[in-house]
Amino acid sequence: MTKEKIYFASDFHLGSPNLEESHKREKKIVQWLAEIEKDAKAIYLVGDIFDFWFEYNKVVPKGFVRLLGKIASITDNGTPVHIFVGNHDLWMRDYLETEIGVSIHHGTIIIQEGDKKILIGHGDGLGDGDYLYKILKKIFTSKICQWIFSRLHPNFAFTLAHTWSKSSRKSGDEAKFSSKENEILFGYCQEQQKINPVDYYVFGHRHLTLDVEVDNKATYINLGEWISQKNYGVLEKGKIKLETYK
């Protein structure tokens, strides 16, 4: 079988809200990956795969073995898997690259598939507005902040981080949509089209499934989430479609 499809998914938030619910979600994700690997040319996991992630030199977060094992088997069989850091798992380093063979991306990238140019990224911190988060992101991604955090014992550090993650999600603006004109990422797409036009913008972060025309050339796709909806995107024959895994 010729592998011709490109798959996109985001916002698994594994580890949240508790071990039992996370395991149920993880098993569904692994089941989905087992089905799509048969015809997947590449798989893009577009951020917030984990509700929290931090890599000490000798310690990584406990759990997620089903997902990591499945991804390792996919990359071992020659299918590239790309993981983008999100606002919940922005402290990824090189562990997943060396251990399971994925490519880690810390910002947006542009890929060319056939005659389609696609910009991919998690979506956090892009566009105008959300300035408080942009300041916090600069602080959190600084080497000194990561060094200070790494001095904390993992038991305390991970508890603190999960508490912050939970409060952040409750107070955030995910899953609220009034109009495309008020959508920060839509505005970002419009501005990017003036600079470097593409055919598709693919983001996560917003926990919404969106398929919005930017202009007569480009479309803004938001992938939704897997906490309740199990949404993903698939590029086939030059068109990205949004699907829900049943």
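This is a short walk through the strands, the nonpolar cores and a few backbone oddities of one structure. Keep in mind throughout that we're looking at a predicted model.

Okay, let's start in the interior. The largest nonpolar core has 32 residues, and the ones that touch the most other members are Phe12, Trp32, Leu33, Ile43, Leu45, Phe50 and Leu96. Where does this core get its residues from? At least two residues each come from strand 1, helix 1, strand 2 (40-45), helix 2 (65-76), strand 3 (81-84), helix 3 (95-100) and strand 10. Helix 2 gives the most, with five residues. And apart from this core there's another one, made of 16 residues, including Phe8, Val46, Ile109 and Ile118.

If you want one residue to click on, try Leu45. Leaving aside residues up to four places away in sequence, Leu45 touches Ala9, Phe12, Trp32, Ile71, Val81, His82, Ile83 and Phe84.

Now have a look at strand 5, residues 109-113. Its side chains alternate: Ile109, Ile111 and Glu113 point to one face and are buried. Ile110 and Gln112 point to the other face, and those two are not buried. So you'll find a glutamate on the buried side and an isoleucine on the other one.

What does strand 5 pair with? Its partner is strand 6, residues 116-120, in the antiparallel sense, over five bridges. Within that pairing, Ile110 sits opposite Leu119 of strand 6. The two strands make a hairpin with two residues between them, and in the turn Gly114 has a positive phi of about 65 degrees.

Let's move along the chain to strand 9. Are its residues buried or exposed? Five of its five residues are buried. Here both faces are covered: Thr219, Ile221 and Leu223 are buried on one side, and Tyr220 and Asn222 are buried on the other.

Strand 9 has strand 7 as a parallel partner, joined to it by four bridges. In that pairing, Tyr201 has Tyr220 of strand 9 as its bridge partner. Strand 8 pairs with strand 9 too, but in the antiparallel sense, over five bridges. There you can spot Leu210 opposite Asn222. Strands 8 and 9 also form a hairpin, this time with five residues between them.

Last bit: the backbone oddities. Most residues other than glycine have a negative phi, and most peptide bonds are trans. Let me show you some spots that go the other way.

Going from the N-terminal end, look at Ser16 and Pro17. The peptide bond joining them is cis, with omega at about -5 degrees. Pro17 is in the loop between strand 1 (5-9) and helix 1 (19-36).

Next up is His207, in the loop between strand 7 (200-203) and strand 8 (209-213). His207 isn't a glycine, yet its phi is positive, about 60 degrees. How accessible is His207? Its relative accessible area is 14%, so His207 counts as buried.

Then there's Lys230, which also has a positive phi of about 60 degrees without being a glycine. You'll find Lys230 in the loop between strand 9 (219-223) and strand 10 (231-236). Its relative accessibility is 23%, so Lys230 counts as partly exposed.

That's the tour, thanks for listening.

Definitions and conventions:
Residues numbered from 1 in each chain as written. Predicted model: local features only at pLDDT ≥ 70, side-chain atom pairs only at ≥ 80, totals over all residues. Heavy atoms only, no water. Buried < 20%, exposed > 50% of the residue type's maximum accessible area, 1.4 Å probe, protein only. Pairing = 2+ DSSP bridges. Core = buried A, V, L, I, M, F, W, Y, C linked by side-chain atoms within 4.5 Å. Contact = heavy atoms within 4.5 Å.
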